[in-house]
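This report walks through the sheets, helices and cores of one model. Keep the structure open while reading.

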Amino acid sequence: MPTTLDRIATKARQDKKFRFTSLAHHIDKALLSESLKKIKRASSPGIDGQDVKAAEESFATWAPVQIEAMHQRSYRPPPAKRVYIPKPGKSALRPIAMPTIQDKALQRATAEVLNSIYESDFLNVSFGGRPKRSAHQAVATMRQSIMTQKISWVYEADLKNFFGSLNHGWVEQFLLHRVGDPRLIMLIKRWLKAGVMEDGKHIKLNEGTAQGGPISVLISNIYLHYVLDLWIEKIVKPQMRGEVTYIRYLDDFVLCFQYQSDAHRFMNVVEKRLAKFSLALEPSKTSLVKL
C-alpha cells in the first residue's frame with residue numbers, strides 16, 4: 001500500500017502546478033523518529049551539547065513539544081554551532097554549521113516531506129544533495145556526453161559564496177510555487193534566519209543559509225532549479241546553434257558546447273542572470289577550455 005508521501009509524490013508528478021497547502025501533519029512522531037535514526041551516531045552536538053544517544057533517550061519528552069510548536073508556528077530553531085574544517089587538498093577552511101540533534105531531526109523530516117514533491121520537479125541535470133544521486137554519476141554523465149556528442153568546448157563554473165548569498169525573499173517566492181502550507185513556509189523562514197553561534201556570539205543571517213543542516217541542501221537545490229536548471233534547459237539551450245549538455249552538482253556546474261560561439265553567448269548572459277538573484281561567479285574557479 002502506498003504511503004502518504006508516495007501519494008504526495010504521485011500528485012506532484014501528475015500536476016506540476018499543484019500547490020500543497022497541507023503538509024505539516026506528515027511530520028509526526030514516527031517520521032521524526034525515523035529521521036533521528038538516520039543521523040550518524042558520531043555526529044557532533046550542536047550548541048546544547050546533546051549527542052544522538054541523548055536525543056534518542058529523551059525523544060519521548062522533546063518530540064511532542066517540538067511537533068506542537070511547529071504546528072502552532074511558535075517553533076524557534078536554535079542557532080547552529082559554526083566550526084571550520086579544511087577544504088580537501090587546500091589550506092583554506094570551510095565554515096560548517098552544526099544544528100542541534102533535535103533540530104537536525106526536524107530538518108531531515110521536513111526535507112523528506114518536501115523531497116516527495118521536488119524529486120518530481122528537479123531535472124535530471126542536477127546530482128548534488130538528492131536521493132540516489134552522486135558526484136560519480138555527474139562525472140559519468142559528463143564523460144558520456146563528451147564521448148557521444150559533438151562537444152568541443154567545456155565551460156566550468158562555481159558560484160561565489162553561494163550558501164551565504166541566497167536571497168531569503170527569492171527562497172520564499174520559489175517555495176510558494178509548490179508549497180502553500182504556512183506552517184512549513186514559516187518554519188523554513190525561521191531556519192534561514194536562525195543564524196550561527198561562533199565564539200559565544202550569536203550571528204543572525206539576513207541573507208544566505210547556514211551550510212551544514214539537511215534543509216540547507218534542499219533549499220540550495222530549489223533555488224538553483226529555478227535560477228539555473230529551468231533557465232538553461234528551457235530558455236538557453238533552444239537558442240544555441242549546436243549541441244549543449246548541462247550538468248550541476250550543488251553550486252558547481254558545467255556546460256559542454258559544440259561551438260565556441262554558443263559558449264561565448266552563454267557567458268555573455270549568465271552573470272546578468274545570476275546577479276538578478278543575488279548570485280555571482282567565482283572567477284578563480286570559472287573557465288572555458290577547448291577539448
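Contact here means heavy atoms within 4.5 Å. The model is predicted.

**The core and Phe-253**

With sequence neighbours within four places set aside, Phe-253 is in contact with Tyr-155, Glu-156, Ala-157, Leu-159, Leu-228, Tyr-246, Ile-247, Arg-248, Phe-266 and Leu-281. The largest nonpolar core has 74 residues, and Phe-253 and Phe-266 touch the most other members of it. Helix H10 (residues 214-236) gives the most to this core, namely 12 residues. A second core, separate from this one, has five residues, including Ala-80, Ala-97, Val-196 and Ala-210. In soluble globular proteins, nonpolar side chains tend to be buried together.

Ser-220 also lies in helix H10. Is Ser-220 buried or exposed? Its relative accessibility is 1%, so Ser-220 counts as buried. Beyond its neighbours within four places in sequence, Ser-220 is in contact with Phe-162, Phe-163, Leu-166 and Leu-250.

**The antiparallel sheet**

Four strands make an open sheet in the order E6-E7-E3-E8, with antiparallel pairing. E6 and strand E8 (287-290) are at the edges; each has a single partner strand, so one side of each has no neighbour in the sheet. The twist from one strand to the next averages 15°.

Strand E6 (residues 244-249) is mostly covered, with five of its six residues buried. E6 pairs with strand E7 (residues 252-257) in the antiparallel sense, over six bridges. Thr-245 stands opposite Cys-256 in E7. Tyr-246 stands opposite Leu-255 in E7. The hairpin of E6 and E7 has two residues between the strands, and Leu-250 takes a positive phi near 55° there.

Two helices lie across strands of this sheet, as tabulated here.

| Helix | Lies across | Angle |
|---|---|---|
| H6 (residues 135-148) | E3 (153-158), E6 and E7 | about 170° to E6 |
| H11 (residues 260-276) | E3, E7 and E8 | about 145° to E7 |

**The mixed sheet**

Another open sheet has four strands in the order E2-E1-E4-E5, and its pairing is mixed. Its edges are strand E2 (93-98) and strand E5 (201-203); each has a single partner strand, so one side of each is left without a neighbour in the sheet. On average, neighbouring strands here are turned by 40° against each other, direction ignored. Strand E1 (residues 80-86) pairs with E2 in the antiparallel sense over six bridges. Ile-85 has Arg-94 in E2 as its bridge partner.

**Helices H8 and H2**

Which residues of helix H8 (residues 168-176) are buried? They are His-168, Val-171, Phe-174 and Leu-175. These residues cover an arc of only 125° around the axis, so they lie on the same side of H8. An α-helix has 3.6 residues a turn, so residues three or four places apart point the same way. The buried residues of H8 pack against helix H5 (101-118), helix H9 (182-193) and H10. At the N-terminal end of H8, Asn-167 acts as the cap: a side-chain oxygen is 2.9 Å from the backbone nitrogen of Gly-169.

Helix H2 (residues 29-37) has Leu-31, Leu-32, Ser-33, Ser-35 and Leu-36 buried. Its buried residues pack against helix H3 (52-57), helix H4 (59-71) and H5. H5 is thus a packing partner for the buried residues of H2 and for those of H8.

Notes. Residues numbered from 1 in each chain as written. Predicted model: local features only at pLDDT ≥ 70, side-chain atom pairs only at ≥ 80, totals over all residues. Heavy atoms only, no water. Core = buried A, V, L, I, M, F, W, Y, C linked by side-chain atoms within 4.5 Å. Buried < 20%, exposed > 50% of the residue type's maximum accessible area, 1.4 Å probe, protein only. Arc of directions from axis to C-beta. Polar contact = N/O pair within 3.5 Å; in protein donor to acceptor, adjacent residues only side chain to side chain. Pairing = 2+ DSSP bridges. Axes fitted to C-alpha atoms, helices over the stretch in contact; angles between N-to-C directions.
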